[in-house]
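Please take a look at the model below. The report starts with the chain overall and then turns to two serines.

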Amino acid sequence: EVQLVESGGGLVQAGGSLRLSCAASGFTFDDYAIGWVRQAPGKEREGVSCISSSDGSTYYADSVKGRFTISSDNAKNTVYLQMNSLKPEDTAVYYCAADLSCSLPLMDYWGKGTLVVVSS
């Protein structure tokens, strides 16, 4: 059974940082791309970032380039999203998602999400 479990969300002031983690199990981690998708209240899901576990290639949405960094620890089957210089508009539920390629925001497998709230 595929499982993606997010952690690390919380409340932070604007300008602060958070690191999200996504622990994956139930599939061959090296064969998949792992991404982060966020959904703010009343808005559509937005693909934020993605990493290919096989070659380490990455993708970032323009809205987070230069502020967010995605990384992968293949030994731990875990993907991280380091979020710096957070803005109130980054407030959203952040979902970890997996697929054979980075097809954000449409991915096959999803976690339950972790809430990030950035106060102004």
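Of the 120 residues of the chain, 42% count as buried. The model is a predicted one. The chain exposes about 6100 Å². Carbon and sulfur atoms supply 47% of that exposed area.

The fold is built from strands. There are 11 of them in the chain, and zero helices. The radius of gyration is 13 Å, close to the 14 Å that the globule rule gives for 120 residues, so the chain is as compact as a globular protein of that length. Along its principal axes, the C-alpha trace spans about 40 × 25 × 20 Å.

Contacts reach across the sequence. Take the contacts between residues at least 6 apart in sequence: 55% of them join residues at least 24 apart.

Charge comes next. The chain carries 9 positive and 13 negative side chains. The centres of the two sets lie 9 Å apart.

**Two serines**

S49 has its place in strand 5. S53 sits in the loop between strand 5 (46-52) and strand 6 (58-60). The table sets out their burial and the polar contact of each side chain.

| Residue | Relative accessible area | Side-chain partner | Distance |
|---|---|---|---|
| S49 | 0% | backbone oxygen of Y59 | 2.9 Å |
| S53 | 8% | backbone oxygen of F29 | 3.4 Å |

Is S49 buried or exposed? S49 is buried, because its relative accessible area of 0% is under the 20% cut-off. Neighbours within four places in sequence aside, S49 is in contact with I34, G35, W36, Y59, Y60, I70, L81 and L104. Y59 thus appears in that contact list, and its backbone oxygen is what the side chain of S49 reaches at 2.9 Å. How far is S49 from T69 in space, C-alpha to C-alpha? The two are 8.2 Å apart, with their positions 20 residues apart in sequence.

S53 is buried too: its relative accessible area is 8%, and the cut-off is under 20%. Which residues does S53 touch, leaving aside its neighbours within four places in sequence? They are F29, D30, Y32, A33, I34, S72 and N74. F29 is in this set, and its backbone oxygen lies 3.4 Å from a polar atom of the S53 side chain.

I34 links the two environments. It is listed among the contacts of S49 and among those of S53.

Terms used
Residues numbered from 1 in each chain as written. Predicted model: local features only at pLDDT ≥ 70, side-chain atom pairs only at ≥ 80, totals over all residues. Heavy atoms only, no water. Helix = DSSP H or I, 4+ residues; strand = E, 2+ residues; numbered from the N terminus. Rg over C-alpha atoms; globule rule 2.2 N^0.38 Å. Buried < 20%, exposed > 50% of the residue type's maximum accessible area, 1.4 Å probe, protein only. Contact = heavy atoms within 4.5 Å. Areas by Shrake-Rupley, 256 points an atom, 1.4 Å probe, with all protein chains shown as cover. Lys, Arg positive; Asp, Glu negative; His and termini not counted. Charge placed at Lys NZ, Arg CZ, Asp CG, Glu CD. Polar contact = N/O pair within 3.5 Å; in protein donor to acceptor, adjacent residues only side chain to side chain.
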